[in-house]
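User: I am new to reading protein structures and would like a close look at a single part of this one. Could you choose one strand, explain how it sits among its neighbours, and then work outwards from there?

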Amino acid sequence: DDASDSKEGRLQLDLHGVELALQGYLNPYARADVFVGYHDGSFELEEAYATILRGLPGGLQVKAGKYRVDFGKLNQLHPHAYSFLDTPLVHREFFGEEGLVDIGVNLNLQAPLGNTVLTASGNVLKGDFAEGHAHDHDHEGDEAVASSRGLTGAFGGGALQADEDAETDISYSERLGLFVPTGEYAGFEVGINALQGTLDRRTGREVELLGADVKYRWAPDRYRSLTVQGEWIRSDRDVEHAGSPEGGTERVRADGFFAFLDWRFAQRWNAGVIGERSGL
């Protein structure tokens, strides 16, 4: 409702982003998942991987391709599936705007322990996650661009020199999770996560992430659910100072967390609250 707008009175549709998901079974033992995103006038292959779900010894599952790394619970979801609007601060500033995504191989093993299930997972990653290739479609300004560059982006108010020519290397991540049912319709899961990566092989800069997460969910039917979820992450990384006459790197530690409650009380309605903090 703006009289000065030359398009006033006409339908206006701003298409900021579209995501196309192609998912299905390749055969009874394996499936493929491909996600193509359209953001700000360009297409991007966000994920493309195949998963062997059954048929391997000991119930082992194998995933290979480009995928969202299972560091915590939230990073495994695409942002449009969140119960809130914005990606939590700690994920934006520690992982980059698009999250922790890389090309790699994942091994996943689930072991039943009575009524509980223990899950052990490991990833061998190419290391591209450290560079970051985010599209700035949610935030404006230099700070948002810096935060979307991934792990080699601006760190702590510009202390880190954003080096687009950084040479990354093979990285590794691990996750251990335990799911405990607390009733016919409820259960909670706790997990611990770790990641070891190289930010720049030339300067020897490295990064180590440590995390813990917890999730409780009660869902008696399709239209009602209660979710309480939280996550803590610690980042230890080497930063290279821009403009410093002596140059050099510094080991910087930062912590961050988020926690939220989401109550879905009807098919199309939910309400909740989220609290978050980042050491940056």
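Analyst: A good place to begin is strand E8, which covers residues 186–200. In this predicted model, 11 of the 15 residues of E8 are buried, and so the strand is largely enclosed by the rest of the structure. The word "buried" here means that a residue has under 20% relative accessible area.

The partners of E8 can be taken one at a time. On one side, E8 pairs with E7 in the antiparallel sense, and this pairing runs over 10 bridges. As an example of such a bridge, Tyr-172 has Gln-196 in E8 as its partner. The chain passes from E7 to E8 by way of a hairpin, in which 4 residues make the connection.

E8 also pairs with E9, again in the antiparallel sense, and here there are 14 bridges. Within this pairing, Gly-191 stands opposite Asp-213 in E9. The hairpin of E8 and E9 likewise has 4 residues between the strands, and in this hairpin Gly-204 takes a positive phi near 75°.

Stepping back by one strand, E7 is also paired with E6 in the antiparallel sense, over 9 bridges, and one bridge there links Leu-125 to Ser-171 in E7.

These pairings belong to a wider arrangement, for 12 strands form an open sheet with antiparallel pairing, in the order E1-E2-E3-E4-E5-E6-E7-E8-E9-E10-E11-E12. At the edges stand strand E1 (17–27) and strand E12 (269–278), each of which has a single partner strand, so one side of each is left without a neighbour in the sheet. From one strand to the next, the twist averages 15°. As general background for reading any such sheet, side chains in a regular strand alternate between the two faces of the sheet.

Finally, the neighbours of E8 lead to another feature of the model, the largest pocket, which has a volume of about 910 Å³. This pocket is lined by 36 residues, and the closest to its centre are Lys-63, Asp-70, Lys-73, Gln-76 and Leu-77. Among the elements that give two or more residues to the lining are strand E7 (171–181) and strand E9 (205–221), together with others including strand E6 (116–125) and strand E10 (224–240). The largest share of the lining, 5 residues, comes from E4. Sorted by class, the lining of this pocket has 12 nonpolar, 14 polar and 10 charged residues.

How values were computed: Residues numbered from 1 in each chain as written. Predicted model: local features only at pLDDT ≥ 70, side-chain atom pairs only at ≥ 80, totals over all residues. Heavy atoms only, no water. 1 Å grid on protein atoms, 1.4 Å probe; cavity = no way out; pocket = protein on both sides within 12 Å on 5 of 7 lines; lining within 4 Å. Points joined across faces, edges and corners; volume = space filled by probe spheres on them. Nonpolar A, V, L, I, M, F, W, Y, C, P; charged D, E, K, R; others polar. Buried < 20%, exposed > 50% of the residue type's maximum accessible area, 1.4 Å probe, protein only. Pairing = 2+ DSSP bridges. Axes fitted to C-alpha atoms, helices over the stretch in contact; angles between N-to-C directions.
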